[in-house]
Amino acid sequence: MKLRHNDHVVGYLFSAPFILGFLLFIAYPMVSSLYYSFTNYNLLSAPTFVGFDNYAKMFADDDKYWNSVRVTLHYVVASVPLRLAFALLVAMLLNKAIAGIGLYRSAYYLPSLIGGSVAVAILWSQVFGDKGLVNSFLGLFGVHTDTSWIGDPRTSLWTLIALSVWQFGSSMLIFLAGLKNIPKDFYEAAGVDGAGAVRRFFRITLPLLSPIILFNLIMQTISAFMTFTPAYIVSRGEGGPLDTTLLYSLYLYKRAFEFYEMGYASAMAWVMLIVVGVLTLILFQTSRFWVHYESKGDR
Amino acid sequence: MTASAKLWRRISYHLLVGGLALVMFYPILWLFVSSLKPNDEIFTTAYSLIPSRLEWRNYATGWAGFAGNSFDTFFKNSFIIAILSTIGAVASSALVAYGFTRIRFFGRAFWFGCMMMTMMLPRDVTIIPQYIMFTNFGWLSSFKPIIVPQFFGIPFFIFLIMQFIRTVPADLDEAAKIDGCSKYGIFFRVILPLTVPALVTAAIFSFYWTWDDFYHPLLYLNKPELYPVSLALKLFLDGESLNNWGGMFAMSTLSLIPVFVVFFIFQKYIVEGIATSGLKG
């Protein structure tokens, strides 16, 4: 197609919503939050420039900050791989053409459909509460306990991890679509060569799914870093007990919108952006060693 | 393999997969059953799925809401936010997706790159200046900060619709052009009708995300009469209303019903939408 002058104008007209929105709601806010991160700003008076003070305070003087970093890393490192492992396992179980499979697929997917809602976060705080479903079940088996899983600092974060793993459904659907694309004759050929189920999994399924795994891993990691609603609801906005559920995003929210320390919170946001960006880059870099790309031919 | 061995395999498969599905689904079932249990029974017999009697009153006491604001208001607010946001998100994303796929213009690759970057950008980085900006606009305590940004294209949906437009043969565009269609004509008469499945998928997810959204209402809406359901549910956990468990479970159940209804009507679109674009549910 030859470039015509008119196409430039029409192209910008069609793309205008995104371009305007990007400049107004993404680019400008990013630049100004970088600026705020070097200031003290409480919304009431104008921002005052303080250099690297916010960053220095964050890294050297704020135990709560480091605690929230630890809690968040723990949350991400535990929940993302578990979630993906479950998603892959169940996808392999469901990759069959038998009656009723659609019903199973829905049952496994539904939790991830509603999982981000306040209703489910409330439900979760009751399931793991002192008299909740879990303790009630344990009671049936003679294990009587009155400790709330939410209220016990040793288990509180794990209840959030469980909630995240419970929502493996959307990753499962992506894996299912990927599994359907693997030609059946690969497995048949491997079967003829005497490869067992385990070998076929590691030699065929895993390599051919690896681009999808990479994609899932990156997107899930980023969204895990931003987890807010369940932590807020389950801990009633406090991040307790003993700050064990004070995820990064929740701490940032409290600093910004409860204490109105906009500069400090902006600095936190930029550190998060850099960490998430670096992690994503590392994942992409390592992907050379474990992600298998088929030569696409004419596609 | 003998017939009986095959049968055993099939039974154990359904026991395993069905059993696991039941475990997955159990909390949701429990939520529903608890919404029908008398208040004093919810936690004394938490393991039981059979209430001693059906307490429909929970729905009435829950619906009554807090300090004069009933769930009439909250549901109305949620529907206003979700429907307007969805219209804005889908319409604007479709325009942009067409511009990015079918028109070659100066800087297209750059803007496409910006869009992909936005998709991965943590919300926390932009939220503070956005909040300050909307405060300066005088938009606090209104739906505007939640709804208006949706009219500027949502990267996930742009990407999804782009993927779909790419499957429409370019010959169709050419044919329409020969028939005298402008770029606008091609968009409205050729592309739009053919991308309906992608638009439906985008609409469904937009509805889900805005219906479930808690963060932005929490930030921008500070009057109970403006609360959507997601934010109103939080009030059950606050202070004096702390003991209306039945009402809390009842309203939580109701808040999920629009999501379930949309799911059962549009299941096909959802499954395909996630599989082709990696949208998260």
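**Exercise 1.** What covers the buried residues of helix 12 of chain A? Work it out on this predicted model.

*Solution.* Start with the burial count: 8 of the 10 residues of helix 12 of chain A are buried, so this helix is largely enclosed by the rest of the structure. Next, pick those residues out: they are A:Tyr248, A:Ser249, A:Leu250, A:Tyr251, A:Leu252, A:Tyr253, A:Arg255 and A:Ala256. Now look at what sits over them. From chain A, the cover includes helix 3 (63-94), helix 10, helix 11 and helix 13. Chain B also pitches in, with helix 5 (124-136).

**Exercise 2.** Find the place of A:Leu242 and of A:Tyr260, then decide for each whether the residue is buried, partly exposed or exposed.

*Solution.* Take A:Leu242 first. You'll find it in the loop between helix 11 (229-234) and helix 12 (248-257) of chain A. Its phi is positive, about 50°, even though the residue is not a glycine. For the burial call, count neighbours: A:Leu242 has 12 other C-beta atoms within 10 Å, and 12 or fewer means exposed, so exposed it is.

Now move past helix 12. A:Tyr260 belongs to the loop between helix 12 and helix 13 (262-290) of chain A. Here too is a non-glycine residue with a positive phi, this one near 55°. The count for A:Tyr260 is 14 other C-beta atoms within 10 Å, which makes this residue partly exposed.

**Exercise 3.** Describe how helix 9 and helix 10 of chain A pack against each other.

*Solution.* Geometry comes first. The axes of helix 9 (residues 184-192) and helix 10 (residues 197-225) of chain A come within 11 Å and cross at roughly 145°. The crossing is right-handed. Then list who meets whom: A:Phe186, A:Tyr187 and A:Ala190 from helix 9 meet A:Arg200, A:Arg203 and A:Ile204 from helix 10. Sorted by class, that contact has 4 nonpolar and 2 charged residues, with no polar ones.

**Exercise 4.** Is A:Gly21 buried or exposed, and which residues does it touch?

*Solution.* Begin by placing the residue: A:Gly21 lies in helix 1 (residues 5-36) of chain A. With 22 C-beta neighbours inside 10 Å, A:Gly21 counts as buried, since the cut-off is 20 or more. Leaving out residues up to four places away in sequence, A:Gly21 touches B:Pro149, B:Phe152 and B:Gly153. For a sense of scale, try A:His144: it is 123 residues from A:Gly21 in sequence and 56 Å away in space, C-alpha to C-alpha.

Now zoom out to the whole interface. There, 75 residues of chain A are in contact with 63 residues of chain B. Helix 1 of chain A gives the most to chain A's side, with 20 residues. By class, that side has 53 nonpolar, 19 polar and 3 charged residues.

**Exercise 5.** How is chain B divided into domains, and where in chain B is confidence lowest and highest?

*Solution.* Domains first: chain B splits into domain 1 (1-26) and domain 2 (67-241 + 248-277). The C-alpha centres of these two domains lie 40 Å apart.

Then check the confidence. Chain B has a mean pLDDT of 87, and 95% of its residues reach 70 or more. Helix 13 (residues 245-277) of chain B is where confidence is lowest, at a mean of 83, while helix 6 (residues 144-147) of chain B has the highest, at 95. As for the complex, the predictor gives an ipTM of 0.87 and a pTM of 0.88.

Conventions:
Residues are numbered from 1 along each chain as its sequence is written. Chains are lettered from A and ligands numbered from 1 in the order in which they are written. This is a predicted model: local features need pLDDT of at least 70, side-chain atom pairs count only at pLDDT 80 or more; totals for chains, interfaces and linings use all residues. Domain bounds come from an automatic or database domain assignment. Helices (H or I, at least four residues) and strands (E, at least two) are DSSP runs, numbered from the N terminus. Axes are lines fitted to C-alpha atoms, for helices over the stretch in contact, and angles run from 0 to 180 degrees between N-to-C directions. A crossing is left-handed if the near helix is turned anticlockwise from the far one by less than a right angle, and right-handed if clockwise. Two residues are in contact if their C-beta atoms, placed from the backbone, lie within 7 Å. Ala, Val, Leu, Ile, Met, Phe, Trp, Tyr, Cys and Pro count as nonpolar, Asp, Glu, Lys and Arg as charged, and the others, Gly among them, as polar. pLDDT is the predictor's confidence in each residue, from 0 to 100.
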